[in-house]
Amino acid sequence: MKGILEGSHAAAEAAKLCRPDVVSAYPITPQTHIVERLAEMVADGELDSEYICVESEFSALSACLGASAAGSRVYSATSSQGLLLMTEVCFNVAGMRQPIVMSIANRAVGAPLSIWNDQQDSIALRDCGWIQLYAEDAQEIHDFHYIAYKVAEDHEVLLPVFICFDGFILSHTYEPVDMPTQAEVDAFLPPYKPYNMLDAKNPISMGMYATPEYYMEFRYEIDQAMVRSADVIRRVGKEFGQKFGRDYSNLVEAYKLEDAEVAIVALGSISGTIKDAIDEMRAEGKKVGLLRLIALRPFPAEDVKKALSGIKKVGVFEKNLSIGARMKGAVGYEVKDAINDSSVSVLSYVAGLGGRDITKADIKKMVGEIEAGRGDCFFGLREELI
């Protein structure tokens, strides 16, 4: 079934077809259209789910955590300060190994206040124990939800998932989306069978006190589950491709890297603009390619190293800022560590913060900076305002 959907509604329609038992969320721009649509579905009888209205994002994810621990499949969505207000609960969800799926309509974090897009919110929580997938378009927003639930609920993983997509740029843009039927989703995503659950007839404890003799081992187990999740994502992504024709068995996407001399690394919707710019540069004789990171957690280090093998000049497009660090964005450090070759120049370019437009001309200029070895900077900074 094909339709023209706003990115937010692509998320909501997928969430509905995943049959969550409980939905709890607090509205925050630009996530609002997702939860509004789900509330309408519940009110109109389209979705047989308990929709819990709460007073804050902290309460929303807390409600989801309790419902998940009691054996329910649950869903939520948030953005920016809303996600940061959930920080404590995000760590608890991962630590209690609850397979919650949450959509993140990426938005800049204040102060100053901004409702526009960058990826500071989710990247700031890259170490909280959630799998992080980054969508390029509305179709991926939609498809990633089915994959996320199946991966999260796999007993080799049992970790929550962020499905990240650029606020407004994707959340409020209409694009063609191919949607499976409910029967097709049911065949792909079976009913949730919790590994453990709170049950008065079979009492257990979750998230309890851990003394120094035990705490480190719990964190180790979370890390190992994240490591295992890479192969599970590949397997589930391949299965999704076999059933629906869109293969997601890779954690990265390589675009014209085979003979590239310069590579750009990026996440999210900017990848489309970069691809267009690369096509134009290729027509001019420049050997430029793109490596798009689909997963930030688990970080696909071996995939990155293989894809960038033989390329000596790499620039990482960063929609986040690691304040005070030499390499100005957090993703650049991951890429540099994965390559682990001192002969390769890996430079970081912070750009597009707070929703500032990035054009094809900007991408071409960035490639010139990569070629010249000038990086680790704020790209497109308006120095007259400083």
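In which sense do strands E2 and E4 pair, and over how many bridges? In this predicted model, strand E2, residues 22-25, pairs with E4 in the parallel sense, over 2 bridges. Within that pairing, Val22 stands opposite Val74 in E4.

Let me continue with E4 itself. This strand covers residues 74-78, and 5 of its 5 residues are buried. Burial applies to both faces: Val74, Ser76 and Thr78 lie on one side, Tyr75 and Ala77 lie on the other, and all are buried. E4 has a further partner in strand E5, residues 101-106, with which it pairs in the parallel sense over 4 bridges. Here Thr78 of E4 stands opposite Ile104 in E5.

I turn now to helix H3, residues 57-69. Its 13 residues should span 18 Å at 1.5 Å a residue, and because the end C-alpha atoms are 18 Å apart, the model agrees with that expectation.

How many of the 13 residues of H3 are buried? The count is 10, so described as a mostly covered helix. Among the buried residues are Leu61, Cys64 and Leu65, together with Ala60, Ala63 and Ala67. What covers the buried residues of H3 includes the strands E2, E3, E4 and E5, as well as helices H4 and H5. E4 and H3 thus belong to one picture, with E4 included in the cover of the helix.

Finally, the two ends of H3. At the N-terminal end, Ser56 acts as the cap, with a side-chain oxygen 3.4 Å from the backbone nitrogen of Phe58. Just after the helix, Gly71 takes a positive phi of about 105°.

Definitions and conventions. Residues are numbered from 1 along each chain as its sequence is written. This is a predicted model: local features need pLDDT of at least 70, side-chain atom pairs count only at pLDDT 80 or more; totals for chains, interfaces and linings use all residues. Side-chain values use heavy atoms; hydrogens and water are left out. Buried means under 20% relative accessible area, exposed over 50%, partly exposed in between (1.4 Å probe, protein chains only). Two strands pair if DSSP finds at least two bridges between them. The expected span of a helix is 1.5 Å times one less than its number of residues. Contact means heavy atoms within 4.5 Å. A polar contact is a pair of N or O atoms within 3.5 Å; within protein, one must be able to donate a hydrogen and the other to accept it, and residues adjacent in sequence count only if both atoms are side-chain atoms.
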